[in-house]
Every structure is written in C-alpha cells, then in structure tokens.
Amino acid sequence: MLPTPSTSHVDFDRVYEPTEDSFLLLDTLSSTNEVSFLTERFGRRNKGATRSTSPLIVEIGTGSGVVLAFLTAHAQTLFGISDILSLGIDINQSACKASIQTVVKACGDVTDGLRDAPRQEGGTGFLLTAVVGDLTSAIRPGSADVLIFNPPYVPTSQVPTASPADGEKQACLDADSDMLSLSYAGGIDGMEVTNRLLEQLPSVLNPDRGIAYILLCKQNKPDEVTQRVRQWGAPWRVDVVGQSGRQGGWEKLQILRIRRGS
C-alpha cells in the first residue's frame, strides 16, 4: 500500500480537509485495475515506443494537495514512468500554497525512502506549481493528459461566488473562512460547478490520450451524468471505476473515468 501524503502542515480553517472523498480517489487511482490502465496508457513509452511529451497531470480544486501529492510522489508506481508533470488549480489561494507544500514534502519523503532502500522501485514526478484559477481557465486547450476533479458536490441553494482575480475580496473571504464553502457547496443537485467542468472537458483534454476522473455523490445523479457523456458521441467512453459510502442518502460516492476512444 502506498503511503498517504502528510497534511499536518495545512491550516484546515482555510483549506478543505481530506475526508472520504479524497481517500476514495487515492484508493481508486492506486487500485490494481487503474494502475494497469494508467501504465498501459503512459508507461509504454519506456518500452521502446516512440517518445512523446511528458504527461501533464492536472488536479482541479486541490484543497490540501493530498491527491496531487500522491500522484506526483508515486508517479513511477502509478503511471509506469517518473517523468510526469503535475499542476494544481484552486480558487483558494491558501489551498494553492498548502498544495505546493504537500507535494514537495511527499516527494521528499519518497526520495528519502529510495535513498535508504536503493533496490526499491519508485520515482517521483515533477510539480510545476499550484495556481489560483477557476476550473480549467489556467491551462491551454488539449493539454491535460489526466484531469482529476473532486468537485463541490453537496446540494445547496446556491454556489458562493468569488473571483480569483479579486485579491481584496479573496482576502476578506479567507479571513472569514468563507472560502471553505466553495469546496463543498455545489448548488442545484450539487452539480452547478461540475456541469461547468464537464462542458470544458472536450476542449481541455489531450485529444489522443486525455482522461478525466470525476467524483460524484448519489444526489448528483451519476447515471444521468454517464448518459450525458455518452451522448457526446461515439469516441467518448465513461466507466465507474470507484465507489464507496453508505447505500442510502447522498453520501454514496462514485468516481467516473471519462475518455475518448479505447
């Protein structure tokens, strides 16, 4: 079992604390089936295939950075290669700062472990940075090879508004800890933010190898989301690759893997 990155340095009065949804992402992405899928998709470059650019791993809404740190620190194990590039995006500046610290610490811990046990397989990726931004606005079209999104999925009467460019307003929100509400309040059916992200997926994913992992709860109506993606056309595929939680209520969680082609 791969170790979970430490978040002991994170101020959880300002940043979303890892809970069941975060850990479901870690368990799913490190499961035998997903490691096999990811290494087949990206690791083959080390087996004589024509070399392509290093995969770009993007997490939208990093929070503490625990998921981004897990993927970056264990790149060799999860992707079959260590030369991945990772990028975090969050509308909360405090989350961006925390994410950078979490990734750096996790990669350092793995590197120290390899130094102590040189025969152990491993290898960390490279963190580009974590930037303040609204969903995929900070990245170029067609550039994301793996996109992970643990959205604000709790059904609420409305979605809080905050502009990442409005520094004065952000400072006020941070001071009141209102930024935390942006990490869970999903609006109608808990889907208002996720719907915006879904609309952006076809343009932001790499057209040849791009995949997205999207977390949903029961009240997000994941079956309808699955049907919606399939209506994008024949090249698109969507699979349930992870699930947990109670059978009743909105707590039951699912992770969808969305991609073009095989």
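Me: Which residue in β4 is the bridge partner of Val58?

Reply: When strands sit side by side, you read them by asking who faces whom. In this predicted model, Val58 has Leu147 as its bridge partner in β4. Glu59 is handled likewise: look across to β4 and you find Ile148 standing opposite.

Me: In which sense do β1 and β4 pair, and over how many bridges?

Reply: Follow both chains and check which way they run. Strand β1 (residues 56-60) and strand β4 (residues 146-149) pair in the parallel sense, over four bridges.

Me: OK, and what about β4 and β5, how do they run?

Reply: They run parallel, and four bridges join them. Want a spot to look at? Val146 stands opposite Ile211 in β5.

Me: So what is the order of the strands in the open sheet?

Reply: Walk across it strand by strand. You get β3-β2-β1-β4-β5-β7-β6, seven strands with mixed pairing. The edges are β3 (126-132) and β6 (236-244); each has a single partner strand, so one side of each lacks a neighbour in the sheet. On average, neighbouring strands are turned by 20° against each other, ignoring direction.

Me: Which helix packs on the sheet, and which strands does it touch?

Reply: That's α7 (residues 192-204), touching β4, β5 (211-217), β6 and β7 (253-260). Compare directions too: the helix makes about 180° with β4.

Me: Are the residues on the two faces of β4 buried or exposed?

Reply: To read a strand's faces, sort its residues by side. Val146 and Ile148 are on one side of β4, Leu147 and Phe149 on the other, and all of these are buried, so both faces are covered.

Definitions and conventions: Residues numbered from 1 in each chain as written. Predicted model: local features only at pLDDT ≥ 70, side-chain atom pairs only at ≥ 80, totals over all residues. Heavy atoms only, no water. Pairing = 2+ DSSP bridges. Axes fitted to C-alpha atoms, helices over the stretch in contact; angles between N-to-C directions. Contact = heavy atoms within 4.5 Å. Buried < 20%, exposed > 50% of the residue type's maximum accessible area, 1.4 Å probe, protein only.
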